[in-house]
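Trainee: Take me closely through one part, please: any enclosed space and what lines it. After that, carry on to whatever else you'd look at.

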Amino acid sequence: MSNRFKLITDGFVKNNPTFVLILGMCPTLATTTSAINGLSMGLATLFVLVLSNIVISAIAPVVPDKVHIPAYIVVIATFVTLVQLLMQAFTPAMYETLGLFIPLIVVNCIILGRAEAFASKNGVLDSACDGLGVGLGFTCSLTVLGAVREMLGSGSIFGWNFLGGNDGMLAFVMAPGAFICLGYLMVLFNKFLKKS
Amino acid sequence: MAVKSNLKNMALCLTAVCLVCSALLAGAYALTKSPIEAAAKAKTEKSLSAVLPAFQSVEATELDGVRYYTAVKDGETVGYAIESGTIGFGGPLTLMVGVSADGTVYNTSVLSHNETPGLGAKCTSDKKFMAQWQGLDPAQKILSVKKDGGDIDAITASTITSRAYTRAVAGALDVYKKIKEGESHE
Amino acid sequence: MEYFLIIISAIFVNNIVLAQFLGICPFLGVSNKLSTATGMSMAVCFVITLATLVTYLINKYLLIPFNITFLQTIAFILVIAALVQMVEIVLKKTSPSLYQALGIFLPLITTNCAVLGVAIDVVTKQFTFGGEAHFLNLGEAMVYAFATSLGYGLAMVIFAGIREHLAMNDVPKAFKGVPIALISVGILALAFMGFSGMVK
């Protein structure tokens, strides 16, 4: 039990996908224009990660070695399409905001990476916990990055405007701000959280 | 660990995975089809009720490739909502423009845009910019931004977006004229 | 004229890395040295153009007629994975020197989201390029895909040049590696923002 709990908590600091493993940079940079967008993208990825980890750990023993990558990709793509359809149906506005980056969850290296490194070698429950931990760590990083960019760039947080309608520094909502913010957040992470 | 690969089990495994996944997705597609259509319809209805005076029913029509909606209340036409597209700063900009029966603009709403966040994207949130379209009478105002000698207040630092928005409204009013002409011929 | 606008737009205005955030992982991963950066850019260029051609045709003649566009993501990623494998085999047999140059990058390209991103964008998004908003035809799609990959190469080569210099400087410990690289890309992206709005 404590082992599984550790699998979940590892995803936050020790194996944090964004700050330590440096995986899945594209959605991290592109969708974090606000805290809520970052959170939604994180949750969509979490959903795919947990389900694909479960299915892949279940089918891994019967998949022939040479075709395991295509087989895993098909499984992942199925869950991504499922998320796509569900979001289109129930959160159409968010689907439009995140746009291209929902189908691109397929090529998010975190998911195939966890499938290869963990799910294909471990049991279903452990894999689910691993997916949950890494997914939550990813969600957490994206929400933090989104919140920082939203605060600096639009002067609001989760849509609540604390600058009284004044504009923030717009560059932080745009592309350059994404790179610079993530760079500095990584510096802070290295300085205070990472154990050398 | 994984099974040793040979041609037969590789083909079998991939076919099985593909079949199961496609079947699963076909099922999901069938289940989500009606909610997706309902969501798209709700979006159109929301923008229609924002740009038109109170109405009981609408009818969608196409005129020269432009889609417009005729709103009817108690058997009388109370206004038209016209979809009007143009090119903004970052890409296509599509508006829904509501025109009252007397030919004045009732209200406008953005259907889709690619404008810069915090600048051009304010065309969906800037109260002053949005309010000036309500009740605008095209016979009394010049439809271009003040910088170009017109009567429209542009969004600060977003002249190109404001010009595009103005162009889209003007385009919708042209369509309105055509609709009226078509009706008087009948 | 329109092709010219497509090329300018795809390379500078909407640069795939600096404005659209696609293909960042390999961009950060292999931009340490100018030579590997060039190799990767060439491999990406090759695969993006080829993959866009194939996925465009599949979408038009298979997915749309049978009304199964919801299988788009699966179909496209499978095509890309198969294509990368095929390119690898063909190169190995026909041009060992090119294979030596691009070989190690090819397997990485399957999970490069730039390839899938461009393939999906081309068939789902409406582009304007100075005229009416429209879906791209095959010729435009090919030009767009090729120019986009040139933009990828441009960003990659510029950045590898910057990074070679960064490596020689004394950077504070917490900034070493990826953080300082990200901050430099941010400044590069700031420079590329000067192109925004030039082509619509």
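Mentor: Let's fix the residue classes before anything else: Ala, Val, Leu, Ile, Met, Phe, Trp, Tyr, Cys and Pro count as nonpolar, Asp, Glu, Lys and Arg as charged, and the others, Gly among them, as polar. Keep in mind that this is a predicted model, where local features need pLDDT of at least 70 and side-chain atom pairs count only at pLDDT 80 or more, while totals for chains, interfaces and linings use all residues. Residues are numbered from 1 along each chain as its sequence is written, chains are lettered from A and ligands numbered from 1 in the order in which they are written, and side-chain values use heavy atoms, with hydrogens and water left out.

Now your enclosed space. On a 1 Å grid over the protein atoms alone, a cavity is a set of points where a 1.4 Å probe fits but cannot get out; a pocket is an open set with protein on both sides within 12 Å along at least five of seven lines, and lining residues have an atom within 4 Å of a point. Points are joined across faces, edges and corners, and volume is the space filled by probe spheres set on them. By that rule you get one cavity of 30 Å³ or more, and the largest cavity holds about 90 Å³ of space. Its lining has 14 residues, with Cys26(A), Val107(A), Asn108(A), Cys109(A) and Cys113(C) nearest the centre. The elements giving two or more residues to that lining are helix H2 (25-30) of chain A and helix H2 (24-29) of chain C; helices (H or I, at least four residues) and strands (E, at least two) are DSSP runs numbered from the N terminus. Sorted by class, the cavity lining has ten nonpolar residues, four polar and no charged.

Set the second largest pocket beside that. Its space comes to about 390 Å³, and 15 residues line it, with Ile69(A), Pro70(A), Ala81(C), Gln85(C) and Thr110(C) nearest its centre. Helices H4 (68-90) and H6 (109-119) of chain A and helix H4 (72-94) of chain C each give at least two residues, and H4(C) has the largest share, with six. Here the lining splits into nine nonpolar, three polar and three charged residues.

While you're on H4 of chain C, look at Gln72(C), which is part of that helix. Gln72(C) is buried at 12% relative accessible area (buried is under 20%, exposed over 50%, partly exposed in between, with a 1.4 Å probe and protein chains only). Not counting residues up to four places away in sequence, Gln72(C) touches Asn59(C), Leu63(C), Val123(C) and Thr124(C), where contact means heavy atoms within 4.5 Å. The C-alpha atoms of Gln72(C) and Val123(C) are 9.9 Å apart, with the two positions 51 residues apart along the chain.

Two backbone oddities next. Asn67(C) sits in the loop between helix H3 (34-63) and H4 of chain C, and its phi is positive, about 60°, although it is not a glycine. Over in chain A, Ile22(A) lies in the loop between helix H1 (2-10) and H2; phi there is near 50°, again a positive value in a non-glycine. Ile22(A) is partly exposed, at 21% relative accessibility.

Chain A also packs on chain B. That contact takes 26 residues from chain A and 25 from chain B, and the area buried between them is about 2,100 Å², 80% of it from carbon and sulfur atoms. In chain A, Pro64(A), Thr78(A) and Leu85(A) lose the most area to chain B, together 23% of what that side buries. Buried area is the accessible area (1.4 Å probe) that two parts lose on being put together, summed over both.

Finish inside chain B with two serines. Ser162(B) is in helix H3 (residues 159-185) and is buried at 0% relative accessibility. Its side chain reaches the backbone nitrogen of Ile155(B) at 2.9 Å, a polar contact (a pair of N or O atoms within 3.5 Å, one able to donate a hydrogen and the other to accept it within protein, with sequence-adjacent residues counted only if both atoms are side-chain atoms). Ser47(B), in helix H1 (residues 7-51), is buried too, at 8%, and its side chain reaches the backbone oxygen of Thr44(B) at 3.0 Å. Leaving aside neighbours within four places in sequence, Ser47(B) contacts Met96(B), Ser109(B) and Leu111(B).
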